[in-house]
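I opened my notebook to record what I looked up in this structure. Each entry is short.

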Amino acid sequence: MEFERLNYELEDRVAVITINHPPVNTLGMKTLQELETALEAMCVDSRVKAVVLTGQGKAFIAGADIKEIAAISSQEEGERLARTGQQLFDQIEKMKKPVIAAVNGVCLGGGMELAMACHIRIAGDQAKFGQPEINLGIIPGFGGTQRLTRLTNRSIAIEWILTGNLYSAEEAYHVGVVNHVVPHESVLVEAKKLAHHIATKGGIAIAKSIEAIDQGLAGTLEEGLKNEAKLFGEVCTTEDKQEGTQAFLEKRVPFFEDK
């Protein structure tokens, strides 16, 4: 596929999407549209088992396009822009193929909101995080007030959002925004390594695991356990279950065909 603002590659069951919009990979409407197209293609491509999302150059994504925000003249326009980003990021969060954010540099505003929508976040030790929208007289609009609160807690989210400060990768790790911090030069390598490891698992079990976790978070523990049992029953009828259990008994590596 050909894009103006991102690159899309398939590497042995792992799709690698690189935002490539110099100098700092801002998230304007064009970039959001291309990202949506790439993700839709990945969803229907049976060869793809996992996704790595990163940025070209020194930035993961520096934030939304400030010129587009400055041009907003009505509440309706602002709400429309926010909902566009929110809906795309919701799609990412709800995907049944894991999306790993390889945060290679500055990850601010809309960029941080995108990273938080991913299932897993790996950051280079030179990465910077923050929700600086308050400095523009606005608030996060692509999910920052909601996902940051859920990943950390209310108090930390309020401090980060109301100060607009930048935080190191280690600080982001300690509050739960980041899963792993690795040397700057190896962030993409480590993200791909994790993606390839996940890609060796059965696609049905991957999707059902994500579904069980997400539905459990949306309800009570009792509802989550009931749904987990239902999904467990479903995977027990698959060919992948037969292959996985047989491979274990035969002391060999399983080969899953997602059936």
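The entries below go through two helix pairs, some single residues and some backbone features.

**Entry 1: the model.** I noted at the start that this is a predicted model.

**Entry 2: H1 and H3.** I began with H1, which spans residues 29-44. Helix H3 covers residues 75-94. I looked up how the two pack and found an angle of about 25°, with the axes 11 Å apart. Angles under 35 degrees count as roughly parallel. H1 and H3 are therefore roughly parallel to each other. The crossing of H1 past H3 is left-handed. Next I listed who makes the contact. From H1 come Met29, Leu32, Leu35, Glu36 and Leu39. From H3 come Leu81, Thr84, Leu88, Phe89, Gln91 and Ile92. I sorted the residues of this contact by class: eight are nonpolar, two polar and one charged.

**Entry 3: Thr31.** I stayed in H1, where Thr31 has its place. Is Thr31 buried or exposed? I found a relative accessible area of 0%, so Thr31 is buried. I then looked up its contacts, leaving aside neighbours within four places in sequence. Thr31 is in contact with Arg5, Leu6, Ile19, His21 and Thr26.

**Entry 4: the loop before H1.** I moved back to the loop between strand S2 (14-19) and H1, where Pro23 sits. A cis peptide bond joins Pro22 and Pro23, and its omega is about 5°. Asn25 is found in the loop between S2 and H1 as well. Its phi is near 60°, a positive value in a residue other than glycine. I wrote down the background: most residues other than glycine have a negative phi, and most peptide bonds are trans. Asn25 is buried, with a relative accessible area of 1%.

**Entry 5: Arg13.** I checked the loop between strand S1 (6-11) and S2, where Arg13 is found. What is the phi of Arg13? I read a positive value of about 75°, although Arg13 is not a glycine. The relative accessible area of Arg13 is 31%, so I entered it as partly exposed.

**Entry 6: Thr54.** I turned to strand S3, residues 50-55, which holds Thr54. Thr54 is buried at a relative accessible area of 4%. Its side chain reaches the backbone oxygen of Ala102 at 2.8 Å. Not counting residues up to four places away in sequence, Thr54 touches Ile17, Thr18, Ile19, Phe60, Ala102, Asn104 and Leu188.

**Entry 7: H5 and H6.** I took up the second helix pair. Helix H5 runs over residues 144-151, and helix H6 over residues 154-163. They pack at an angle of about 135°, and their axes are 7 Å apart. I noted that H5 and H6 are therefore oblique to each other. H5 passes H6 in a right-handed crossing. On the H5 side, Gly144, Thr145, Leu148 and Thr149 make the contact. On the H6 side, Arg154, Ala157, Trp160 and Ile161 do so. I sorted these residues too and got four nonpolar, three polar and one charged.

**Entry 8: Gln246.** I finished in helix H11, residues 239-249, where Gln246 lies. How does Gln246 count at 36% relative accessibility? I entered Gln246 as partly exposed. Which side chain does the side chain of Gln246 meet in a polar contact? I found that of Glu250, at 2.7 Å.

Terms used. Residues are numbered from 1 along each chain as its sequence is written. This is a predicted model: local features need pLDDT of at least 70, side-chain atom pairs count only at pLDDT 80 or more; totals for chains, interfaces and linings use all residues. Side-chain values use heavy atoms; hydrogens and water are left out. Axes are lines fitted to C-alpha atoms, for helices over the stretch in contact, and angles run from 0 to 180 degrees between N-to-C directions. Helices (H or I, at least four residues) and strands (E, at least two) are DSSP runs, numbered from the N terminus. Angles under 35 degrees count as roughly parallel, over 145 as roughly antiparallel, 65 to 115 as roughly perpendicular and the rest as oblique. A crossing is left-handed if the near helix is turned anticlockwise from the far one by less than a right angle, and right-handed if clockwise. Contact means heavy atoms within 4.5 Å. Ala, Val, Leu, Ile, Met, Phe, Trp, Tyr, Cys and Pro count as nonpolar, Asp, Glu, Lys and Arg as charged, and the others, Gly among them, as polar. Buried means under 20% relative accessible area, exposed over 50%, partly exposed in between (1.4 Å probe, protein chains only). A polar contact is a pair of N or O atoms within 3.5 Å; within protein, one must be able to donate a hydrogen and the other to accept it, and residues adjacent in sequence count only if both atoms are side-chain atoms.
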